[in-house]
Amino acid sequence: MLNYGGNDDYWVNNINGRFGLTFKPTKNLSLTARVAPNLKSVKYKTFRKQIEYYSADDPTQFEGFISGFNATNLSERRVDNYNLTKQFLVDYKNSFKEHNVNAMIGYEDFYAFNESVGAIGRNFELNSYPYLDLAPVDFITATGYANENSYRSFFGRATYDYKSKYFIQGNLRLDGSSRFHEDYRWGSFPSVSAGWAISEESFMQNLSSISFLKIRGSWGNMGNERIGNYPYQSNINFSNGLFYQGNEVVSATTAAQVDYAIHDISWETTETFDIGLDLQLFKNKFTLNADYYKKNTKGMLLDLEIPDYIGFSNPTQNAGEMYTNGWDFNISWKETVNDLSYTISLNLSDSKTKMGNLSGIVFDGANIIREGSEFNEWYGYKSNGIFQTQEEVDNSAVLNSSVQPGDIKYQDISGPDGEPDGIISPDYDRVLLGGSLPRYLYGGSIDLNYKGFDFSLAVQGVGMQNSYLNSNLTKPFVTQWGNVSKIIDGNYWSHYNTPEQNLKVRYPRLSYTSESANYSTSDFWLINGAYFRLKNIVLGYTFPETTLSQVKLKNIRVYGSVNDLFTISHFPKGWDPESAYNSLINTTINLGISVKF
């Protein structure tokens, strides 16, 4: 397929720039105008060739075509994107003895236009000429779309400090988005923060070990409008349909409303409270930054479920509240000892969300958003091992009639009357299985410099997470020509195993008939997703300037680096715990030289 199956081509042309002009009519006042255009053109071309295969016993006997390559097809698409950002700022700074003030007001607008056109030609007679004009006329289809969006913002900021000890800042934004109806387009988002540099007080001057100490707090609102471009409009989608006209089948253009529009949809707002501490000790060698915060999100933009018989897709609406508590801190030690300078830093953070009042439920595959749950919490069945005998199947609640020994056994949680009913059903037996988001995110780094040598090391990881084994890992024969995952081999239930062996296996039997039952979302596939990763190591050497002066070079540095050298996790060996689709980890080794003239 790699040699004979055709080719995928992809071209990108991107032109962007930023132009600015600053004018200072007075010493303390400046006027700034900026314009930032961005032009992007993308071209896709996929040519799939027909591939024949022949009998292994008789290479002259034609057997058929490889699945997915049974015809020669060509797909082409052109995408043009254009956006323009304009900004104007007025900034004023001044000091009056021990009082410092800064005020800024600004305006910004953004416009984006996207357009795509494509065509697909099928059943080419020739497989060496990838051009659409050679496709049979009856097997050419065309596609196309265009959309645009924009926003406009007015904003201002005022700051004041006294003797660099007491600080206060206020901000206000007025944002308008084309994604909302003109009656609900604008939102206002104020914020305020204050700080006290305690170390600048006279009573702290005798504490030589404290280089800097500051406490701070803030409150503010932030808006979100990152949704589709036209959620408030009853858009009409056009398509082609086949109809009988007498005894003939004819094609005609059809039109229908697909999305259920919410007219008064508007901004999602997150209110944040934050308190923090900044501390430096021992002549700034030791640094600590710590924060605790609470976020209350209201009017969440969610695609709530509506009954299928309505005939529309789930509409985006302001329908929920979410509460988040979190904290984070960073510590570091920086010191120079003779020719050696080094920095060691660590960071740790955690947050947890809980959904408040909602107007409905959001299902997103294996995850759910509903009142009382965490955001995107896992939702599915509780498992109770693997069925070992037919008698056990006959005496248990099952998901469907295809369940056999070797399939996953689920717990009968409830029924229409609130009691177990002897049937495993999605309506009554699926429960919350735990949060999907990572907890206790950490990282660390070491940087060393010694007589021209430099060394750095970075690690990161997650302390706690409920992770799901993707079907790419666990489902055998995912595609006709795919491989079976190594982790399954010798570790699945089988009639060829002894009863003792089947009691010890990790995975259910290999079967398509029980696919819907065994691979339904359940805690059977949840694992401890915590991991530790050595992210990066760099070793370099910079030649002394005295050595380079004779060859008129400013700097030469040679270096080597290794990325993702190893990972400790509960995932199968080689799989990336950070990837939603469990892709493989790629270790990268780089060698380089940097020269400055």
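Author: Let's start with exposure: under 20% relative accessible area a residue is buried, over 50% it is exposed, and in between it is partly exposed (1.4 Å probe, protein chains only). The model is predicted, so local features need pLDDT of at least 70 and side-chain atom pairs count only at pLDDT 80 or more, while totals for chains, interfaces and linings use all residues. Residues are numbered from 1 along each chain as its sequence is written, and side-chain values use heavy atoms, leaving out hydrogens and water.

Reader: Why is phenylalanine 282 called partly exposed?

Author: Its relative accessibility is 40%, which falls between 20% and 50%, so the middle label applies. Tryptophan 333, with 28%, is partly exposed too.

Reader: What makes phenylalanine 282 and tryptophan 333 a tilted pair?

Author: Rings of Phe, Tyr and Trp (its six-membered ring) pair when their centres lie within 6.5 Å; planes under 30 degrees apart are stacked, over 60 edge-to-face, and the rest tilted. Here the centres are 6.1 Å apart and the planes stand at 50°, so the pair is tilted.

Reader: Why can this pair be said to tie parts of the chain together?

Author: Phenylalanine 282 sits in the loop between β14 and β15 (286-298), and tryptophan 333 in strand β18 (residues 320-337), so the pair ties together parts 51 residues apart in sequence. Strands are DSSP runs (E, at least two residues), numbered from the N terminus.

Reader: How do you know how phenylalanine 189 and tryptophan 267 are arranged?

Author: The structure holds 23 aromatic pairs. In the pair of phenylalanine 189 and tryptophan 267, the centres are 5.3 Å apart and the planes meet at 65°, which makes it edge-to-face. This pair also links distant parts of the chain: phenylalanine 189 is in strand β10 (residues 186-197), and tryptophan 267 is in the loop between β13 (248-257) and β14 (268-281), 78 residues apart.

Reader: Are those two rings buried or exposed, and how do you know?

Author: Phenylalanine 189 has a relative accessible area of 4% and tryptophan 267 one of 12%. Both values are under 20%, so both residues count as buried.

Reader: What makes β21 and β22 paired strands?

Author: Two strands pair if DSSP finds at least two bridges between them. Two bridges join β21 (residues 367-369) to β22 (residues 377-380), and these strands run antiparallel. In one bridge, isoleucine 368 has glutamate 377 in β22 as its partner.

Reader: Why do β20 and β25 stand at the edges?

Author: The open sheet has four strands in the order β20-β21-β22-β25, with antiparallel pairing. β20 (362-364) and β25 (431-434) each have a single partner strand, so one side of each is left without a neighbour in the sheet.
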